Amino acid sequence: MNSSTEIHLNLRRHNENVDERIYGGFLEHLGRAVYEGAYQPSHPTADENGFRRDVIEALRPIGFSIMRYPGGNFVSAYDWKDGIGPKESRPRRLDFAWRSIETNQFGTDEFMAWCREIGTEPMLAVNLGTGQPRGAAELLEYCNLPRGTSWADLRAQDEPYGVKLWCLGNEMDGPWQAGQRPAKDYASSALQASRLMKGLDPTIETIVCGSSGRGMPDYMDWDLQVLDTCFSSVDYISAHRYTQKGKMSTWDYLAEGLEIDRIIQDYRSLIGYVRAKYKSDKQIHLSFDEWNVWYREMSGDGDWKEAPHLLEEVYNWEDALIAAQYLSSFVRNSDVVKVACLAQAVNVIAPVLTREEGVLTQSIAHPLSLFRGYGVGTSLQAVTLQDSSPGRGFASVPHVDVCAVAASGQVNVFLTHRSDHGSTKTVIDLRPCTISGAKGICVAEAADTANTWETPNAISQRELAVQVLDSHKVELTLPPLAFAVVQLAI
Ligand code: AHR
């Protein structure tokens, strides 16, 4: 069945600028993310730091703007002091979170060096599970303060790292988390940590842990308590989500964008409420610092091994259409979402997988790199006239998910076609703005197509024909299950 969509964009109807930090990634000490992923001194491509160059080369085109580290659940029982100084004297530890052995051969300094190689900004999480605010402040001193005091003097380089974004713990509402505690206890420790850290370096921004997911029984109660307590000191509250397909049809699965919009709307309301309560103009934003598809490789039991194979999800094309909808929702809601991190970057629920022979770039890398390349500018509000059908409990799921940005002389429109039942004729109308040229890029595959070690380029980008109808309108045809970027010169 073929359908049609009309998209109206007016450059005067816009949201805020897209914050480039929504294109972030995440590297956790988990499975083979660090060891055999980022770091493997024995690998033929390893550089003098022990970093796998093939991984660096595979990550660069994805263009992660920021990189969260070192966890995740890992951070809640991690002592960052184990991972500094001469490698030969670093302790081997039991990792509580993933029942693995942590050798500590990769720590804070190695992470900073790795970020430089990738071309990304570091974002650190502190341990507020088994750790105390004081340890968090010491890590801040180690990273950001000039030489002259004990922790700063131990840093591997003279120049401070200048880490701007700091997560105050991780998923502290989760029973699986080391040091989980009631909201009011966590909030008081997060507030102390944030104040101490900002006292040492007022230029940093802090993120308090929101609920670890919408399915948590105290979703929004937790968030309200922690934001209420920490409002005066923190800059962001976090949200996490992992999309699960379960037994859903592709259509129901691809209704995910509505769920993501709903979560962001929940936080918009919460933040508005707390600001109103304090009669404050202070801006608090959302850090969506863990998001992805994750439902196949769920075991987190590393069997007390080094670098066990954990969470090595293989992504197909429908998963990539979910990733596209996360990013689209972050762009649409640019007033609320200022930071976001794909979980994760390498091997663990990641766009890049490694084995001894090389690397494999997965389907989800396509929307990531296309958004990173074209999704910077002012977020435009789209009005769409289009077919919709019921799906996953929503009365009306539009067939095409739309977001758009305007940058100098250019409007880029991102389209995710949810329907697998035929193509959709799409008209984009920019009135009163004049269009001087148009082109498009498209990826469209069957839902279960995946890049594999045998067929690493099964999924590829191709040109999309975009016809200029008149000086304000273009037309294109979206194939089933497509992700497209339409670039309009104005
Ligand atoms: O990303 C994998 C895990 O998912 C993280 O460690 C944790 O924060 C979340 O539960």
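## Aromatic cluster and ring pairs

Six aromatic residues, Y35, Y39, F51, Y69, F106 and F111, come together as one aromatic cluster. The model in which this cluster appears is a predicted one, and the structure holds 21 aromatic pairs. One of these is formed by F74 and Y78, whose rings lie 4.7 Å apart, centre to centre, with 40 degrees between the planes, an arrangement that counts as tilted. Both partners of this tilted pair, F74 and Y78, are buried.

A further pair is made by W80 and W151, where the ring centres are 5.3 Å apart and the planes stand at 65 degrees, so that the geometry is edge-to-face. Because W80 belongs to the loop between strand 3 (66-69) and strand 4 (93-95) while W151 belongs to helix 4 (residues 150-154), this pair ties together parts that are 71 residues apart in sequence. As with F74 and Y78, both W80 and W151 are buried.

## Charges over rings

Aromatic rings also meet charged side chains in this model, and two such arrangements can be described. In one, the charged end of R68 sits over the ring of F26, at 4.7 Å from the centre of that ring. In the other, K282 lies over the face of F231, with 5.7 Å to the ring centre. The residue F26, which carries R68 over its ring, is also among the residues that surround the ligand.

## Surroundings of the ligand

The ligand is surrounded by F26, E28, G72, N73, W98, N170, E171, Y242, E290, W294, Q344 and I349. Several of these residues place polar atoms at short listed distances from the ligand's oxygen atoms, and the contacts involve backbone as well as side-chain atoms. For N73, a backbone N or O atom lies 2.9 Å from an oxygen atom of the ligand. For E171, an N or O atom of the side chain is 2.7 Å from an oxygen atom of the ligand, and for E290 a polar side-chain atom lies 2.7 Å from an oxygen atom of the ligand. On its own the ligand has 290 Å² of accessible area, of which the protein covers 95%.

Two of the surrounding residues, G72 and Q344, follow a cis peptide bond. The bond from G71 to G72 is cis with omega near 20 degrees, and G72 is found in the loop between strand 3 and strand 4. The bond from A343 to Q344 is likewise cis, with omega near 5 degrees, and Q344 is placed in the loop between strand 12 (337-342) and strand 13 (352-355).

## Salt bridges

In total the structure holds 36 salt bridges. Among them is the bridge between the side chains of R60 and E57, with 3.1 Å from N to O; R60 counts as partly exposed at 36% relative accessibility, and E57 is partly exposed as well, with a relative accessible area of 42%.

Helix 8 (residues 256-277) contributes D266 to another bridge, in which the side chains of D266 and R214 meet at 3.0 Å, N to O. Since R214 lies in the loop between strand 8 (205-208) and helix 6 (221-230), this pair ties together parts that are 52 residues apart in sequence. D266 counts as buried at 18% relative accessibility, whereas R214 is partly exposed at 31%. These two residues also take part in a network of salt bridges that links R214, E259, R262 and D266.

The side chains of E256 and R241 meet in a salt bridge of 2.5 Å, N to O. Because E256 lies in helix 8 and R241 in strand 9 (residues 236-243), the pair ties together parts that are 15 residues apart in sequence. E256 is buried, with a relative accessible area of 0%, and R241 counts as buried at 16%.

## Backbone exceptions

Most residues other than glycine have a negative phi, and most peptide bonds are trans. M220, which is not a glycine, has a positive phi of about 75 degrees; M220 is found in the loop between strand 8 and helix 6 and counts as buried at 18% relative accessibility. D303, also not a glycine, has a positive phi of about 55 degrees. The place of D303 is in the loop between strand 10 (285-293) and strand 11 (305-306), and D303 is partly exposed, with a relative accessible area of 47%.

Note on methods: Residues numbered from 1 in each chain as written. Predicted model: local features only at pLDDT ≥ 70, side-chain atom pairs only at ≥ 80, totals over all residues. Heavy atoms only, no water. Phe/Tyr/Trp six-rings, centres within 6.5 Å; stacked < 30°, edge-to-face > 60°. Buried < 20%, exposed > 50% of the residue type's maximum accessible area, 1.4 Å probe, protein only. Helix = DSSP H or I, 4+ residues; strand = E, 2+ residues; numbered from the N terminus. Lys NZ or Arg CZ within 6 Å of the ring centre and 35° of its normal. Near = heavy atom within 4 Å. Polar contact = N/O pair within 3.5 Å; in protein donor to acceptor, adjacent residues only side chain to side chain. Areas by Shrake-Rupley, 256 points an atom, 1.4 Å probe, with all protein chains shown as cover. Salt bridge = Lys/Arg side-chain N within 4 Å of Asp/Glu carboxyl O.
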